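Biologist: I've got the sequence and the model open on my screen. Can you walk me through what stands out?

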Amino acid sequence: MAVQENRILYRHIDIPDWNASIECYEADGGYQVLKDALKRDRQELCDEVLKSGIKGRGGAGFPMGMKWKFLDRKSGKPIYLVCNADESEPGTCVDREIIYKDPHQLIEGIMCAAFAINARQAFIYIRGEYINGYRILVEAVKEARAKGYVGENVCGSGYSCDINITRGAGCYICGEETGLISSLAGKRAYPRIKPPYFPAVMGLYDCPTVVNNVKSLCYVPYIFKIGGEAVSKIGVPNDPGTYVWGVSGQVQKPGRYEIESGACTLGEMLYDVCGGPFAGRTFKAVIPGGSSMKILKWGEKFDIKQPDGSIKELRVEDIPLSAPSLMSCGTALGSAGIIVMDNTVDMVEAMANLNAFYAHESCGQCTPCREGSLWISKITKRICSGGGRLEDPELLMSLADNVCGHTICAHGEGMAWPVQSNVAKFKDEYVAKISRQLAGEGEARLDKNSYRLI
Amino acid sequence: MADLVNININGDDFQVPAGLNVIEAARISGVEIPHFCYHPNLPIAGSCRLCLVSIGTPARDRATGELLKNPDGSQKIAFMPKLAIACGTKVSEGMHVITDSEQVVKARQGVLEFILANHPLDCPICDKAGECKLQEYSQAFGNCKSRFVEDKNVKPKKVSIGGGKVILDAERCILCSRCIRTCREVVGRDVLGFSKRGSRNEISVYGDDGRDSNYLLNIVDGCPVGALTESAFRFKMRAWFLKVANSVSTESSAGINTKVWSRSNKVYRITPRSNPFVNDAWSTDSSRYEYRVLDSAMRLKTARVDGTPCSTSYAVSRAVEVMAASGRRAVVASARLSLEEQFMLKEFADLTGSKIYAAAHLGEDDGKLISSDRTPNRRGLFITGIVSEYPKTDLKNLAGDIRSGAVESVMVCGEDLCALGLDEKDFKTANIVYCGVSDSETAQRAKVAIPTASVFEKSGIFVNRQFRAQAFEKAVDAPESAVCEISLFSKFMNAFAKSEFKTPSVYALRRLISSKIEILGGICEIPKTGLLLDGKKFAAVKFPESQALHFTKNE
């Protein structure tokens, strides 16, 4: 069967003659949802989002409606809305398309959400490297302000909210909710400890704050338009909506595909949608949700417990692409960036590449992540340059265990999970590589045919 | 009395005050939770992750909110799947804390291993050895075998901070951020901050390096490892050779609690002693160098009569003769004397019918730990009845009385009369006996000069600006030539009263004082944090101190 795309967030992407201007967006009915929403009750709007059951699209998958519900509305402090556009997860490049090609969709989403939670100031924190995206957004906000969709007295409703756009300075940790809040407030982007710094209570400038991903916010107008009930019926029941899958790596047709959750399996995605592996090659491993999630080995089988209690075996290519099913296979959907590796990839090299990234991006605040990331990176780098020791796989595993769950923010897990899964599933490759090195001398210790990533 | 909550630590039940964090609650319950970044007087950072413990709270039914029971009828405890930091978790009713499970021990070992990975393993040449938290915890909780075979990070060493007051060794730094928070909280501005990131993160100095701050050295006390060391003490003496005496700073009426570290009668350093009612864990930089008076050239080392050095006993006997020679006697009291000495001085003045003079020493109030009254025991002068209103900053009234002939012999306790309005002629008109620590101009001009013991060489009590009586202990022996004021005053009194009582000990004196002066009733047993006296009687006195740390003007 052919997998069908259902473009909701990407409905304007790749349309001929589409451009980022407000006229183009308005001609397609843009900002109508905002105008309608401004006449509705705030509580009712928040309930719609809660009813939709949409999970946050940033990576952690926390239900958006719940996030809004936890917001401390009684403190008397101002409420802030922050749009997290610091998309820096390796293998993820989905928000970029929306920002570059359809910025008004995001601005409408932000204004709808800001009205619903009664925020008087919204922020877009955009990744520093997206400099053109920043310019496009600035221009778009200017257009929207001129037309009365942003700023004082939005659409004559009496409600005012402005949007401020801030650029990051090229730091992965700024995408972490509380790290972003610190950075936005002008401090070093250190994630904050919870408790007491739950963003819903003590967020930006210690005021209640909602931080949502670009895609989550773009979903808001859609929910307001068709109703939470209707959105909850898209895709699988406990993970409604569509996901924009960003497939990268060694497949014939990498790209971004917006598909309803659970509507296709991993195999269908890679073979039918993305055209399968390059000629003469086979798949070896897939990371399903951006580099921080656990890796899946091609050919792996999972014992999945069914609702009736029986156990059913599931092949890796049959995993339906939805948050709960990926979770039951020991990995997670994350930011929906699928990274595909085929049989030419040396898993140790790939791991070393990822580890170098995490060691470079660790903020350095808490001990396990700060020291663990560099240590792990040094070990994999050493193995790749011919100095492997047979005890290294176990050491890597043990270090990753010591990091996992002991850190302030999720960067610790994001760094440890790939190591844990990679070493567990591809230990034979590590052992083979190291044994080859131990048997050889000098130059012979290095694998000549593997291509170097770092 | 604060509200108490019931908690359970490692299976034992305890009652602790509500609002404490788990580290403090465990501490008062006798369970140690190791930690680096947590400091009781600083905001929580939660970054070292050494204090990870298992926390459980009473399980409740999700729908009804009712407490759930175990099959045996006891309360069911829901433990969090992840370990939580004890410093950032507040105790709550029924909380269970586990600090010794396999999970906790493993996490702790892991964190210590990570810290040591890039930390130099050269304790023998590190000045912090012996009082280093990392050393202690590694021994108690660590994994003694290193698995780290990579190259260690290289970071700057011997960085001078604060105009050379502090030396930073960034390689030893464990990035607990205590110094950064100390700068923010105590120094009052960001002197230090983080630069770079990840494992290459290091402490760096921002534009202004804090050399003009009088509170910079507090960052050294806070440092749990050997990253920040005080240049004045660095490599001077091993910490384990030093013995500690609890003392009180004489710098001002704030009464900073201190520890005096000495070996073989030599003081090596002074550090603050934590007192939550006075100075928290902080001290001024200036009070740390008070011990320098001991070796200073300005110290009065030998007794003198008419400018000729002599034995102290001869000088004392001459002083008695000088004071006895005239009936028009005066005593210049000092707020630098201890409470016991002031009491003796008052007795002496009453016995001999001497007029009492005193002078104030004022300076600028910094709003923290230096008050405008630059004497440690001004309140003592009021309590012992030596003065009843706040004195002037000079002794012109004494000068006037000498010139008019109303005073013919004067005994001065430490005050420098020449700086307080007396001139050369007055020293010829009146016979002046000086007893004190410093070889001031007054000591040189006085008829008799007697060296006395400094604050480090005797025990006593000071009453600070809050009317808090604080005891200080003897740290080192006085030089042979010096005599302590209590024994000096009792010799004087024996001579005048023609009696033969022995020099009382400070403890005997305290017993006597507590029976004679009502508000000093409790001074025989002064707690470590001091004893707050009732100062209501002196509410009308115009004390010059302004609002400051733990002190409100109209207390």
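Modeller: Sure, starting with a pairing in chain B: in β24(B), the bridge partner of B:R468 is B:L532. Keep in mind that this is a predicted model, where local features need pLDDT of at least 70, side-chain atom pairs count only at pLDDT 80 or more, and totals for chains, interfaces and linings use all residues. Residues are numbered from 1 along each chain as its sequence is written, while chains are lettered from A and ligands numbered from 1 in the order in which they are written.

Biologist: What is the order of the strands in that open sheet of chain B?

Modeller: Strands here are DSSP runs of E with at least two residues, helices are runs of H or I with at least four, and both are numbered from the N terminus. Two strands pair if DSSP finds at least two bridges between them, and β23 (residues 468-472) of chain B pairs with β24(B) over two bridges, in the antiparallel sense. The edge strands, each pairing on one side only, are β22 (460-463) and β24 (531-532) of chain B. Put together, the three strands pair antiparallel in the order β22-β23-β24.

Biologist: Which helix lies across β22 and β23 of chain B, and at what angle to β22(B)?

Modeller: For angles, axes are lines fitted to C-alpha atoms, for helices over the stretch in contact, and the scale runs from 0 to 180 degrees between N-to-C directions. Contact means that the C-beta atoms of two residues, placed from the backbone, lie within 7 Å. The helix is α8 (residues 339-352) of chain B, and its angle to β22(B) is about 90°.

Biologist: Which helix of chain B gives the most to the side that touches chain A?

Modeller: The contact takes 26 residues from chain A and 25 residues from chain B. On the chain B side, six residues come from the top contributor, helix α2 (residues 102-117).

Biologist: And how many residues of each class are on that side of chain B?

Modeller: Ala, Val, Leu, Ile, Met, Phe, Trp, Tyr, Cys and Pro count as nonpolar, Asp, Glu, Lys and Arg as charged, and the others, Gly among them, as polar. By that scheme, the side touching chain A has twelve nonpolar, eight polar and five charged residues.

Biologist: Over in chain A, why does β12 lie largely in the open?

Modeller: First, its setting: β12(A) runs antiparallel to β11 (residues 301-305) of chain A, joined by five bridges, and A:D303 has A:E313 as its bridge partner. The two form a hairpin with five residues between them, and A:G309 in the turn has a positive phi of about 100°. A residue is buried if 20 or more other C-beta atoms lie within 10 Å of its own, exposed if 12 or fewer, and partly exposed in between, with C-beta atoms placed from the backbone. Strand β12 (residues 311-315) of chain A lies largely in the open because, of its five residues, the number buried is zero.

Biologist: What radius of gyration does chain A have?

Modeller: The radius is taken over C-alpha atoms, and the globule rule is 2.2 Å times the number of residues to the power 0.38. With 454 residues, a compact globule would come out near 22 Å, which agrees with the value for chain A: 23 Å.

Biologist: How far apart are the centres of domain 1 and domain 3 of chain A?

Modeller: Domain bounds come from an automatic or database assignment, which divides chain A into domain 1 (22-233), domain 2 (239-342) and domain 3 (347-445). Ten residues of domain 1 are in contact with eight residues of domain 3. Taken over C-alpha atoms, the centres of domain 1 and domain 3 of chain A are separated by 36 Å.
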